[in-house]
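Colleague: Please take a close look at the enclosed space inside this model. Start with the overall fold, then show me what lies around that space and how the rest of the chain is built.

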Amino acid sequence: MDSLVNSNGICPEPDEREWGIEIGECESHVAKKTGSLAYLTWEELGVAVSSSEWSARKNERKCLLTGVSGYAKPGEIVAFMGPSGCGKSTLLDSLAGRLASNTRHTGRVLINGRKQRLTYGALAYMTQERVLTWTLTVKEAVYYSAELQLPKLMPRSEKRERADRTIKEMGLQDCVNTRIGGWGFKGLSGGQKRRVSICLELLTHPKLMLLDEPTSGLDSAASYYVMNQIAKLTRQYHMTVLVAIHQPSSQVFGLFNNLCLLSLGKAIYFGTTFAANQFFAANGFPCPDLQNPADHYLITINIDFDEDIVSEEIPAEQVINALAESYKSSEIYTEVQSEIATICGEKGDIIQREGSLQVNFITQCLVLSQRSFIHMHRDLGYYWLRLVIYIGLGFALGTLFFQIGSGFGSIDARVSMIMFVSSFLAILAIGGFPSFVEEMKVFQWERLNGHYGVGSFVISNAISSIPYLLVISLIPGTIAYSIMGLQREPKLFIYFALVLFVSMLLVESLMMIVATIVPNFLMGIITGAGIQGVMILGAGFFRLPNELPHVFWKYPIYYISFHRYALQGLYKNEFEGLKFPEYSGGPPTIDGGMILKSVLHIEMRYSKWIDLGILFGMVVAYRITLFCTIKIIERARPILKDSMVISSF
C-alpha cells in the first residue's frame, strides 16, 4: 500500500525545517556525495482530487497521477511531456510542494536520499502563470529581483553585472528599456514575458529548478535558443532542472537528458531520450523517418480527439494502457528503480541554509519601497485617476456648499459636508483594489521562493503609498476647504487634511486585507464596500450614538469603525469656537460646543487630536492585521492540506 505523503509545501521564508514527502528511510548508507548538489527522486507518486462535490461526498476522487516514479540529477534536464491534462503541471506542483489543498497525494519525494526542505536560493519554480510587475522595464524587473535574491554580501555592481548577463543570455538585450506591459499598455510579447520570468529564476543559479512550459509563446528558433542557454547553465552550475514542455522541436528535444512521458496520469515512459524510440518501436509504434520523435510520442498517447490517429482498430485509451503496462514490466523500468535506489542509498549532503544569502530587512524594505513607488507612479489607475476624481469632487463639494457662512442654517450644511468628507470621500479609495490584487499576486509568487518576508512587504507598501495619498489629500482638500469658506485658521485646515489622509490610509489597509483573503476583483470590491458600508452606518451620523442599538451597532461597530473617529474629529475641528444665531439676525446665543454635546452626542471628554491619534493607531493596527492575515493564511494552507488528505481515507 502506498505511503501517505506529508505536506511538503514550499517554505516561504528560509528556515531549517525539512522538505519533501516520505514515509520511511532509504536502506543503505553509502559514501556521501560531494558538494551540496540536489539529487531528486520520486517513487510511486500519486495525486487524486475530488472531481465534484457529489463525488466527494461519496469518497470518489479523480486520479491526476498514478504510480509515477523517476529521478533527476545535477547537470541534467528532465523533460515532462504529454497531451494537455496528462498531469505534467500536477507532477511539478507535487515535486515543488505546491499542490492544492483538496488533493490526496501518495508516494515519497526525496532530495539526496533524505527528506529535507530546500532552503532559500536552492529552489526556483516558474509556473505557467508567473505574475510580473507590468509597469517595470525588463532591466528594472531583473535588477530589483537581483537586489532581493542575490547574496547580501555581493556588491551591487556584481548583482547588476549578473542581471545584465542573464538578460543577454535570454536574448532580451534589445528590449531592456521596454516596459513589460499589461492592461492598456502593449509592452513585451508573450514570449518575451516568458523569457523575463526565466531570467528571474536563473539569477541565483538554484540547485533545483522547475520550469512549467518555459517555451510557451516562443517560436521554434527562440525556443531552441532559450532551452540551449538553460542547458548550458545547467551543466555549468550543476543545476537539477525539470521542465514540463509541450510539443518541443526536434532540436529542443535533443537537449533533454531524460524523458518522462505521461498520459491519463500514468507514466508511459521514463528514461533517456535516445532509448524512447526503441521502447515505442518494440511496442509496435516506431517513429517514422524524418519525423520529430516528440511529435510521434504525443500523437501516439493523445486521447483528446475521437478519431484514432495511431490505429484505426485499437482505441487510443487501450494503446495508452498497453504502453503503461509494457513500461512497468520492461528493463527500462527496472533500471529506473535501480537508479532511484542507488541515489537514495548514497545519502547525500543535507542542503544547509546559507545565512549570508538573504538580504537584510532594511534592504528589502528599501528595494521594495522603491519598486512599489515606481509602479504606483506609472500605473495611472493606482492613484492618478483617483486624484483627478478627487479634484472634481473637491470642486463639486466646494460649489455645493459655497461660502457656507455662519448662520443658523449652516449647522445642518456643515454636518452633511463633514459626513460626506469622512465617509464617502474615503470609501472611494476602494477604486485601487484591482491594483492591490495585482500587487498581492506578485508578492505571493515572490514570497513562495523566499525573496523577502511578509513584514518587508507590508511596511514597504505603506511607505510607498504615503506620498501619493498626501497629494490626494492636500490638493482636493485645499480646493474644497477654500471654496466652502470654512474657518481660515491654518491649523484647522491641516487637521482637516490629516483626517482625510489617514482615512485613505485606513481604507487602503482594509482593502489590502480583503485582497489577501478574496483575490477576486468583483468579489473583493463588493466585500470591501460592504464592510465600509456597515462601518458608516454605525459611525453615529444616520443614528446618533446614544440612539444606536447596543447589540452589534453600539458594541462593537461604533467603537471599531474608523469613520466614527474621523467624523467626531472633524465635527470638533469645525464646530469648536463657533457661535450661531438662534434665529436669523439674532445675537450669537448657540455655542458650537453645545451643538456637539447636545445635538450630535459627540464625546467631549477628550480633544480632536486624540481622535486623530486613534485613527493613526488604527492604521498601525490594520497593517499588523494585514501581516497576521498573510501569516495565518500561509500557516493554514499546510494544515488544511493535511486535514483534507486525512479525511479522504
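Modeller: The chain has 22 helices and 13 strands. This is a predicted model. Of its 649 residues, 56% count as buried. Take the contacts between residues at least 6 apart in sequence: 77% of them join residues at least 24 apart.

Now the enclosed space. A search of the whole structure finds eight cavities of 30 Å³ or more. The largest has a volume of about 180 Å³. Its lining is made of 15 residues. Nearest its centre lie Thr 133, Arg 371, His 375, Glu 439 and Val 442. By class, the lining holds seven nonpolar, five polar and three charged residues. Three helices each supply at least two of the lining residues: H12 (361-378), H15 (433-448) and H16. Arg 371 and His 375 fall within the range of H12. Glu 439 and Val 442 fall within that of H15.

H16 deserves a closer view. This helix covers residues 454-484, and Ser 460 sits in it. Ser 460 has a relative accessible area of 2%, so it counts as buried, the cut-off being under 20%. Which residues does Ser 460 touch, once its neighbours within four places in sequence are left aside? They are Cys 365, Leu 368 and Ser 369. These three positions fall within the range of H12. Ser 460 thus ties H16 to H12 by contact, and both helices also help to line the largest cavity.

The record adds another layer. An unreviewed UniProt entry carries the annotation "transmembrane region" for residues 383-405, 417-437, 457-481, 493-515, 521-544 and 612-633. Ser 460 falls inside the annotated span 457-481. Two other spans can be set against the model. Residues 383-405 are 78% helix and 0% strand, with end C-alpha atoms 33 Å apart. Residues 493-515 are 100% helix and 0% strand, and their end C-alpha atoms also lie 33 Å apart.

Next, an open space. The second largest pocket holds about 530 Å³. Its lining counts 28 residues, and the closest to its centre are Trp 134, Trp 183, Asp 379, Pro 434 and Glu 438. The elements giving two or more residues to that lining are helix H5 (190-202), helix H13 (380-400) and H15. H13 gives the most, with six residues. By class, this lining has twelve nonpolar, nine polar and seven charged residues. H15 therefore appears in the lining of this pocket as well as in that of the largest cavity.

Two other helices show regular geometry. H11 (residues 331-345) has 15 residues; at 1.5 Å a residue it should span 21 Å, and its end C-alpha atoms are 21 Å apart, which agrees. Its buried residues are Ile 332, Tyr 333, Val 336, Ile 340, Ile 343, Cys 344 and Gly 345. What do they pack against? Four strands take part: S1 (40-49), S2 (62-72), S4 (103-111) and S9 (266-272). Helices H8 (273-282) and H10 (316-328) are partners too.

H20 (residues 562-575) has 14 residues. From its first C-alpha to its last it reaches 20 Å, close to the 20 Å expected at 1.5 Å a residue. This helix is mostly covered, with 14 of its 14 residues buried. Gly 577 follows H20 and has a positive phi, near 95 degrees.

Last, the backbone exceptions. Most residues other than glycine have a negative phi, and most peptide bonds are trans. Tyr 555 and Pro 556 are joined by a cis peptide bond, with omega about 15 degrees. Pro 556 is in strand S11 (residues 555-556). Glu 44 is not a glycine, yet its phi is positive, near 45 degrees. Glu 44 is found in strand S1, one of the elements that the buried residues of H11 pack against. With a relative accessible area of 28%, Glu 44 is partly exposed. Gln 247 is not a glycine either, and its phi is positive at about 55 degrees. Gln 247 lies in the loop between strand S7 (240-244) and helix H7 (250-253).

Conventions
Residues numbered from 1 in each chain as written. Predicted model: local features only at pLDDT ≥ 70, side-chain atom pairs only at ≥ 80, totals over all residues. Heavy atoms only, no water. Buried < 20%, exposed > 50% of the residue type's maximum accessible area, 1.4 Å probe, protein only. Contact = heavy atoms within 4.5 Å. UniProt positions renumbered as here; feature names shortened; annotations may be inferred. 1 Å grid on protein atoms, 1.4 Å probe; cavity = no way out; pocket = protein on both sides within 12 Å on 5 of 7 lines; lining within 4 Å. Points joined across faces, edges and corners; volume = space filled by probe spheres on them. Nonpolar A, V, L, I, M, F, W, Y, C, P; charged D, E, K, R; others polar. Expected span 1.5 Å × (residues − 1).
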